[in-house]
Amino acid sequence: MSLAQRKRQFVSNELTEAALQLLALKGFDAVTVDEIVATAGVSKRTFFRYFASKEDVVVQFLADMGTGMRAELADRPAGERPSEALLRAVSVPIAACADHSERALRVVQLILRTPALLARFLERQAQWRDDLAAELAHRLDLDPAAELYPRLAAGMALTAFDAVLHRWSGSDATEDPLALLDRAFTVIAPALDAVQPT
């Protein structure tokens with residue numbers, strides 16, 4: 001990474017952290033862009049070079065949360081059971097929550113408690129489902145337009161992911177999100193591994 005890229009990443013991280021702290025503390029509707037830039041120590045112009053709105057800060061967090069899932073699924077061994085491959089894929093954002101527990105908890109709670117952000121989160125999950133279904137179809141050499149299995153399997157995996165986020169954030173991060181995910185997949189694994197292409 002070049003010096004300019006590192007500087008840009010640093011500014012983006014500072015803005016994101018300032019915005020997420022304020023949003024989590026005061027609530028989405030109560031925070032203005034002026035407050036965010038004052039907290040981050042940058043100009044309003046700088047903020048708008050990185051984000052179109054305060055909502056975009058959270059949306060970027062969501063994009064980052066889902067970035068590695070499809071890549072992880074693609075990298076799993078070819079003969080691995082679908083339940084195991086999907087568990088490892090969905091573990092990527094859950095592990096990120098575990099690694100950055102305090103920050104991730106604030107953001108997840110903000111998203112789940114703010115209708116506008118929750119709507120964007122659900123939109124993002126729909127994209128993740130399509131991505132996982134496409135990768136699963138590719139792994140299993142299935143036609144995603146003709147087979148129900150890839151979309152059903154991806155949907156089950158993301159339902160487990162969603163249930164874990166709700167439980168983990170509801171516990172104020174006192175529960176281990178990876179352990180919760182393992183428990184959730186114990187419930188759905190038989191269906192993931194038993195569903196046969198039609």
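User: A cavity is a set of points on a 1 Å grid over the protein atoms alone, where a 1.4 Å probe fits but cannot get out. How many cavities of 30 Å³ or more does the structure hold?

Analyst: This is a predicted model: local features need pLDDT of at least 70, side-chain atom pairs count only at pLDDT 80 or more, and totals for chains, interfaces and linings use all residues. Residues are numbered from 1 along each chain as its sequence is written, and side-chain values use heavy atoms, with hydrogens and water left out. The count of cavities of 30 Å³ or more is one.

User: What volume does the largest cavity have?

Analyst: Volume here is the space filled by probe spheres set on grid points, which are joined across faces, edges and corners. For the largest cavity, that gives about 40 Å³.

User: Which element gives the largest share of the lining of the largest cavity?

Analyst: The lining (residues with an atom within 4 Å of a point) is made up of A78, E80, P82, L136, R139 and L140. Four of these residues are nonpolar (Ala, Val, Leu, Ile, Met, Phe, Trp, Tyr, Cys, Pro) and two are charged (Asp, Glu, Lys, Arg), with none polar (the others, Gly among them). Three lining residues come from one helix, α7.

User: How many helices does the chain have?

Analyst: Helices (H or I, at least four residues) and strands (E, at least two) are DSSP runs, numbered from the N terminus. The chain has zero strands. Its pattern along the sequence reads α-α-α-α-α-α-α-α-α. The helix count is nine.

User: Which element gives the largest share of the lining of the largest pocket?

Analyst: A pocket is an open set with protein on both sides within 12 Å along at least five of seven lines. The largest one has a volume of about 440 Å³, and the closest to its centre among its 20 lining residues are T16, Q60, F61, D64 and R103. Two or more lining residues come from each of α1 (3-26), α3 (44-50), α4 (54-75), α5 (82-99) and α6 (101-113). The largest share is six residues, from α1.

User: How do the lining residues of the largest pocket divide into nonpolar, polar and charged?

Analyst: Each class is present in this lining. The split is nine nonpolar, six polar and five charged.

User: How far apart in sequence are W128 and F161?

Analyst: Rings of Phe, Tyr and Trp (its six-membered ring) pair if their centres lie within 6.5 Å; planes under 30 degrees apart are stacked, over 60 edge-to-face, the rest tilted. By this rule there are four aromatic pairs, one of them edge-to-face between W128 and F161, at 5.7 Å centre to centre and 75° between the planes. This pair links distant parts of the chain, with W128 in helix α7 (residues 115-140) and F161 in helix α8 (residues 149-170). The separation is 33 residues.

User: Are F47 and F51 buried or exposed?

Analyst: Both belong to one aromatic cluster with F48. Their rings form a tilted pair, 5.7 Å centre to centre with 45° between the planes. Relative accessible area (1.4 Å probe, protein chains only) sets the classes: under 20% buried, over 50% exposed, partly exposed in between. F47 and F51 are both buried.

User: Why does R88 count as partly exposed?

Analyst: R88 lies in helix α5. Beyond its neighbours within four places in sequence, R88 is in contact (heavy atoms within 4.5 Å) with E72 and R76. R88 counts as partly exposed because its relative accessibility is 31%.

User: What share of the chain's residues counts as buried?

Analyst: The C-alpha atoms fill a box of roughly 55 × 40 × 25 Å along the principal axes. The chain has 198 residues, and the buried share is 43%.
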